[in-house]
Every structure is written in C-alpha cells, then in structure tokens.
Amino acid sequence: MNKARKRLPASGSQASVRRHEEQLPWKKQKLLDIHQALNSDPVDIETLHRAALSEGGLLTDDIRRKVWPKLLSINVYNLPAKPSKDVREDHKDYRQVVLDVKRSMRRFPKGMRVDEREVLQEQLIDIILDVLRRNPQLHYYQGYHDIVVTFLLVVGERMTIAIMEKLSNHHLRDFMDPTMDSTKHILNYLMPILERMDRELHDFMIRSEVGTIFALSWLITWYGYVLSDFRHVLRLYDFFLASHPLMAIYFAAVIVLYRQKEVKSSECDMASVHHLLSQMPQDLPYEELIGGAQSLFISCPPSLLTQSAALQSHNIIAISTFTDFQTSTLRQRPDSVLRQQLHKRHENQLTFPMSPQPASTNQLVKMAVWGLSATLGAAALAVAQTAMDWAPEFLSQLF
C-alpha cells in the first residue's frame with residue numbers, strides 16, 4: 001500500500017518569500033506591504049490606509065512623499081505649476097499671511113540656516129496665496145499656515161500646492177468659510193463625545209463653563225501649532241490623512257479623557273480649566289491616543305452624535321463630500337503607469353503629423369517646431385528628474 005506523499009509547496013521561491021515575510025520585523029514588513037500596495041494596479045489604497053493608521057504611521061518622509069499623494073488621489077506627474085510672480089499682487093490676505101508666516105519661525109527645524117528658512121518662508125507665502133487665488137470660494141484663517149508648512153517641509157513646493165488644494169476643498173473646507181460658524185459647530189462635537197464616555201468629566205466641564213475654545217488651535221492646525229516635536233506632528237498627519245475629516249475632534253476628546261484626573265482635580269472655574277487644557281503636554285502616548293480615537297469614532301460615530309441639539313440643523317461640507325472623496329481614491333494607477341502615460345503623451349506630441357506648408361512659411365514652421373522641441377525637451381528632463389526623485393527606495397530599506 002503506497003504511502004501518501006507529503007504535499008510540497010507549489011514553488012520553492014514562493015515558500016522562501018513566505019518564510020522571509022514571517023521573519024521580518026514589523027517595520028520592515030510594513031515597508032514591504034506599502035511597496036506592494038503602491039505598485040498594485042489599481043493602487044491598494046486600503047493597505048495604505050491601514051499603514052497610515054497603524055503603529056508608527058508611514059515611518060519615514062520618503063514613504064510619506066509616495067503615500068500622501070495616493071491618500072488624496074493626487075497624480076504626482078500632473079502637479080500645479082509653481083506660483084507666478086504676480087500671485088501676491090492685490091491679494092486681500094497678503095498682509096495677514098505675511099505676518100503669520102514671519103511669526104512661524106518655531107515651526108522650522110532647529111539649526112536650519114537663516115537663508116534656507118527665509119527661502120521656505122517665501123515659498124510658504126506664495127503657496128498659500130496661490131491656493132487661495134485658484135479657489136476664490138476659500139477664505140484664509142490664522143493657523144492655516146501651520147498646516148501648509150508641515151507639508152512644505154516634507155514634500156516641497158509644487159506637491160504642497162496640490163495637497164493643500166485638495167485638503168482645503170475637503171478635510172479643511174469648513175474652516176475656510178467666511179465666518180467661523182462651521183468651525184464652532186465642529187468644536188461642538190467634543191462635549192457630546194465626553195458625555196457618552198465620562199459623564200462626571202463632562203458635567204465638571206459644563207459647570208466650569210470652559211466651553212471648547214481651548215481646542216480651537218488643536219483642530220484648525222491639526223495640532224501643528226501646539227506640538228513642539230515635528231515627529232509627533234507628522235505621525236498625526238499620517239493619521240488624519242487616512243481618516244474621516246472629523247477625526248481631529250475625536251483626537252481632542254481622547255486627550256481630554258486621558259487628562260480627566262487633572263481636570264477633575266482643578267478648580268471648577270473657566271480660567272483654571274481653560275489654562276490647564278490649553279497647556280498641551282509634550283509627552284503624550286500618541287500611539288495609545290490614536291488607537292483610542294479610532295475606537296471612539298467607531299463607538300460614537302458622527303451620525304450618533306448629531307442627535308445632540310447642539311449638532312442639529314447644520315451642514316458640514318467635509319462630511320457631506322467625504323464619500324465622494326473616498327471613492328475618488330479607489331481607482332488610482334501606480335506611479336510607474338502614470339509615468340509611462342506621460343512619456344507616451346510627450347512622444348505623441350513630438351511625432352504629430354505635419355501638413356504641407358507654403359514655401360513662404362517654411363522658416364516660421366521651422367522656428368515653431370524648434371521651440372516646441374526645446375520646450376518638450378525641458379519637460380522630458382523635468383519628468384526624468386521627477387522620476388528619479390520618486391523612484392521606489394523601499395527595497396534598500398528592507399535589507
């Protein structure tokens with residue numbers, strides 16, 4: 001009687017890959033997962049979401065430069081042009097933007113050369129004014145520059161314009177209304193969350209009449225203004241970019257809940273509680289709080305909170321457009337395909353059929369073709385450079 005043979009792996013190489021993946025430390029496994037997700041066609045956006053939400057977020061700035069655009073459905077080969085020289089002319093927000101940017105020195109890395117910082121500050125001014133000029137429905141608010149500078153320091157000028165244009169029309173849209181009514185309305189989500197999670201804390205804060213204004217700078221800057229460690233800011237930006245637009249207010253709730261003993265031990269008056277909560281601790285357990293905010297969002301979704309009288313009869317644009325925004329991220333092509341498509345378009349432009357021209361216009365045609373070729377040559381060079389900048393470097397980080 002023949003003994004049953006043991007089932008062998010379909011492929012020795014496949015088994016080797018599986019064994020290797022099982023042995024990889026979690027960070028290297030995450031890098032591998034992100035690399036595979038970015039190169040899937042369509043891009044595996046769910047895996048990128050999980051990577052941004054899970055422990056450590058996106059890990060490095062190099063990965064952020066590749067993943068952030070995908071989270072926002074931005075084509076890295078079709079970025080806006082750099083702001084024109086006249087972007088500052090006659091802009092109603094120019095003076096305020098300049099004042100805010102000049103006060104933003106603490107947001108730049110310590111030890112950065114003064115001339116380097118000044119160049120970035122000039123870019124910061126131009127980016128803000130360019131986004132506002134391109135989107136006249138948007139209104140500048142103080143604190144907006146704290147978000148812009150975070151992206152500028154990681155992805156550069158043109159990508160920051162693309163990111164801020166997308167965020168300003170979605171996640172940040174309600175902060176950019178002519179009035180603060182929508183912003184105040186979003187802040188009003190805080191107390192109903194606290195009421196459901198810790199009634200004693202909620203009642204104490206109501207008695208103190210502290211309100212929610214202490215969390216305003218947290219919300220409208222995505223905590224960039226109140227956190228001194230840039231690493232923590234980037235970790236939160238990974239989190240918020242992969243989350244519902246209201247996640248920043250849920251994060252505010254978990255901070256208050258985390259500090260509930262301090263709050264309840266303070267004097268029950270507005271000045272004392274406001275002072276306490278306005279002083280953001282710099283040693284918060286960020287991963288624990290991020291996990292808590294996600295759990296809080298599941299147990300107390302916005303749809304449940306809107307039953308509160310304070311949250312009725314107000315349309316939040318970021319919420320109403322979020323489903324369409326999510327859908328737009330699902331069918332993205334990997335950068336390798338986008339790069340090939342761009343090259344093909346350039347090749348088609350270079351080889352377009354030339355119809356016979358009268359002899360008198362030959363010289364003009366030659367000059368026009370020369371100008372077109374020179375322009376496209378420069379564009380091709382720029383594309384090649386961009387491709388080098390964005391080439392996947394994940395494998396070098398894996399081993």
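Author: Before we start, one term: a residue is buried when its relative accessible area is under 20%, exposed when over 50%, and partly exposed in between. Keep in mind that this is a predicted model.

Reader: Okay, so what percentage of the residues in the protein chain count as buried?
Author: The cut-off to apply is under 20% relative accessible area. Out of the chain's 399 residues, the share that counts as buried is 46%.

Reader: And how many helices does the protein chain have?
Author: Strands are quick to deal with, as the chain has zero of them. The helices, on the other hand, number 23.

Reader: What share of the contacts with a separation of 6 or more comes from residues 24 or more positions apart?
Author: Contact here takes heavy atoms within 4.5 Å. Among contacts in the protein chain with a separation of 6 or more, pairs 24 or more positions apart make up 78%.

Reader: UniProt lists a transmembrane region at residues 237-258, so how far apart are the end C-alpha atoms there?
Author: That range comes from an unreviewed UniProt entry, which also lists 204-225 and 367-388. Over 204-225 the model is 45% helix with no strand, and the end C-alpha atoms sit 27 Å apart. Over 237-258 it is 77% helix, again with 0% strand, and the distance between the end C-alpha atoms is 20 Å.

Reader: Let's zoom in on D146: is it buried or exposed?
Author: D146 belongs to helix α7, residues 144-155. Beyond its neighbours within four places in sequence, it is in contact with R107, T221, Y225 and Y237. Its relative accessible area is 4%, and the limit is 20%, so D146 is buried.

Reader: Which helix gives the most to the lining of the largest cavity?
Author: The whole structure has one cavity of 30 Å³ or more, and the largest cavity holds about 50 Å³ of space. Its lining consists of H49, L71, L241, A242, S243, F322, F325, Q326 and T329. Three of the lining residues come from the helix that spans 322-328, and that is α20.

Reader: By class, how many charged residues does that lining have?
Author: Five of the residues lining the largest cavity are nonpolar and four are polar. The number of charged residues in that lining is zero.

Reader: Now the backbone oddities. Which residues does a cis peptide bond join?
Author: Look at the loop between α2 (26-39) and α3 (45-53), where P42 is placed. Omega is about 5° for the bond, and the two residues it joins are D41 and P42.

Reader: What is the phi of L59?
Author: L59 lies in the loop between α3 and α4, and at 24% relative accessibility it is partly exposed. L59 is not a glycine, yet its phi is positive, at about 75°.

Reader: And S73, where is it found?
Author: S73 also has a positive phi without being glycine, near 60°. With a relative accessible area of 22%, S73 is partly exposed. Its place is the loop between α4 and α5.

Reader: Last one: how far apart in space are L172 and I220, C-alpha to C-alpha?
Author: L172 is in the loop between α8 and α9, and it is buried, with 0% relative accessible area. Outside its sequence neighbours within four places, its contacts include Y141, Y144, I147 and W222. L172 and I220 are separated by 48 residues in sequence, and in space their C-alpha atoms are apart by 7.8 Å.

Notes:
Residues are numbered from 1 along each chain as its sequence is written. This is a predicted model: local features need pLDDT of at least 70, side-chain atom pairs count only at pLDDT 80 or more; totals for chains, interfaces and linings use all residues. Side-chain values use heavy atoms; hydrogens and water are left out. Helices (H or I, at least four residues) and strands (E, at least two) are DSSP runs, numbered from the N terminus. Buried means under 20% relative accessible area, exposed over 50%, partly exposed in between (1.4 Å probe, protein chains only). UniProt positions are given in the numbering used here, feature names are shortened, and annotations may be inferred rather than shown by experiment. On a 1 Å grid over the protein atoms alone, a cavity is a set of points where a 1.4 Å probe fits but cannot get out, and a pocket is an open set with protein on both sides within 12 Å along at least five of seven lines; lining residues have an atom within 4 Å of a point. Grid points are joined across faces, edges and corners, and a volume is the space filled by probe spheres set on the points. Ala, Val, Leu, Ile, Met, Phe, Trp, Tyr, Cys and Pro count as nonpolar, Asp, Glu, Lys and Arg as charged, and the others, Gly among them, as polar.
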